[in-house]
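Q: Could you take me through reading helix packing and pockets in a model, one feature at a time?

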Amino acid sequence: MRSFSLIDFVSLFTALRWTVALVVLALAFGAPLALGLAAGRISRFAGLRWAMAACIQVIQSVPLLGLLFFFYFGMPVFLGIQVPALVAVTVAYTLYTAAFLGEIWRGGLEAVKQAQWEAGACLGLSAWQQFRHIIAPQALRLSLPPTVGFLVQLIKGTSLASILGFVELARAGQVVSAATFQPLLTYALVAAIYFALCLPLTLWSRSLEARLDGSR
């Protein structure tokens, strides 16, 4: 047993690298997949819409912890494939991010009135040009606030990666607490760091919601 020291404080902040890295990986791989899911959800082809909706519903119905367990512990059992922890975490968070962002962005796309597509067609624009110059900017305006709100949820969700051995912020708090026997101080600092990360994003989301009010 030892007292809480500056080294422990630094170790908590050092562990933020995995928290940030997991968020970046989830967004880097999940955002393009989410765009594809959103586009499929508004497709003219009923089969594609149903398939994308089914994928989203399946992923959203499984807890994030379940996804992590499946890709790390389940893949060797069911398929005989040993998946590295980083790959398993990346895939799980990618699917999780894609499913939720896909629905958020689908809502933004569907909120743009059909008349906007028709106006673009009247100007002789192709479907891609209509989407790029007319639909996407308006959909971005509508979906940006909830996207930032989801980012807060994603940051807090990275704490589950500790079950696969990642020493991110929450796991670092457990290690420091076990070493110093000062759980109240340790977890108060962990909570304060999460709060410092999430509060600016929450305030930004509210500000965006007020400034980018789609009903105006």
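**Helix packing and the largest pocket**

A: Let us begin with one pair of helices in this predicted model, in which α1 passes α8 in a right-handed crossing. On the α1 side the contact is made by Asp8, Ser11 and Leu12, while α8 contributes Leu169, Ala172, Gly173, Val176 and Thr180. Sorted by class, the residues of this contact of α1 with α8 are four nonpolar, three polar and one charged.

Q: At what angle do α1 and α8 pack, and how far apart are their axes?

A: Helix α1, residues 6-14, and helix α8, residues 169-180, pack at about 160°, and their axes are 8 Å apart. Angles over 145 degrees count as roughly antiparallel, and α1 and α8 are therefore roughly antiparallel to each other.

Q: What is the secondary structure of the chain, and what does the chain span along its principal axes?

A: The chain comes to nine helices and zero strands, so that, read from the N terminus on, its elements run α-α-α-α-α-α-α-α-α. Along the principal axes, the C-alpha trace spans about 75 × 45 × 25 Å.

Q: How should I read the pair α4 and α5: at what angle do their axes cross?

A: The axes of helix α4, residues 64-78, and α5 cross at roughly 140° and come within 9 Å. Since the angle falls outside the ranges for roughly parallel, roughly antiparallel and roughly perpendicular, α4 and α5 are therefore oblique to each other. As for handedness, α4 passes α5 in a right-handed crossing.

Q: Which residues of α4 and α5 meet?

A: From α4 come Leu64, Leu67, Leu68, Phe71 and Tyr72, and these meet Ala85, Ala88, Val89, Val91, Ala92, Tyr93, Leu95 and Tyr96 in α5. The class count for the contact of α4 with α5 is 13 nonpolar, no polar and no charged.

Q: How do α2 and α5 cross, and within what distance do their axes come?

A: Helix α2, residues 16-41, and α5 have axes that come within 5 Å and cross at roughly 45°. That angle makes α2 oblique to α5. The crossing of α2 and α5 is right-handed, and the residues of their contact divide into 21 nonpolar, five polar and four charged.

Q: Turning from helices to empty space, what shows where it is left?

A: The general idea is that a probe the size of a water molecule is rolled over the atoms, which shows where empty space is left. In this model, the largest pocket has a volume of about 440 Å³. It is lined by 14 residues, of which Ile42, Ser43, Arg44, Gln114 and Trp117 are the closest to its centre.

Q: Which helices supply at least two residues of the lining of the largest pocket, and where does the largest share come from?

A: Helices α5 (85-111), α6 (114-122) and α7 (127-157) each supply at least two residues of that lining, and the largest share, four residues, comes from α6.

Q: How many residues of each class does the lining of the largest pocket have?

A: The lining of the largest pocket has eight nonpolar, three polar and three charged residues.

How values were computed:
Residues are numbered from 1 along each chain as its sequence is written. This is a predicted model: local features need pLDDT of at least 70, side-chain atom pairs count only at pLDDT 80 or more; totals for chains, interfaces and linings use all residues. Side-chain values use heavy atoms; hydrogens and water are left out. On a 1 Å grid over the protein atoms alone, a cavity is a set of points where a 1.4 Å probe fits but cannot get out, and a pocket is an open set with protein on both sides within 12 Å along at least five of seven lines; lining residues have an atom within 4 Å of a point. Grid points are joined across faces, edges and corners, and a volume is the space filled by probe spheres set on the points. Ala, Val, Leu, Ile, Met, Phe, Trp, Tyr, Cys and Pro count as nonpolar, Asp, Glu, Lys and Arg as charged, and the others, Gly among them, as polar. Axes are lines fitted to C-alpha atoms, for helices over the stretch in contact, and angles run from 0 to 180 degrees between N-to-C directions. Angles under 35 degrees count as roughly parallel, over 145 as roughly antiparallel, 65 to 115 as roughly perpendicular and the rest as oblique. A crossing is left-handed if the near helix is turned anticlockwise from the far one by less than a right angle, and right-handed if clockwise. Contact means heavy atoms within 4.5 Å.
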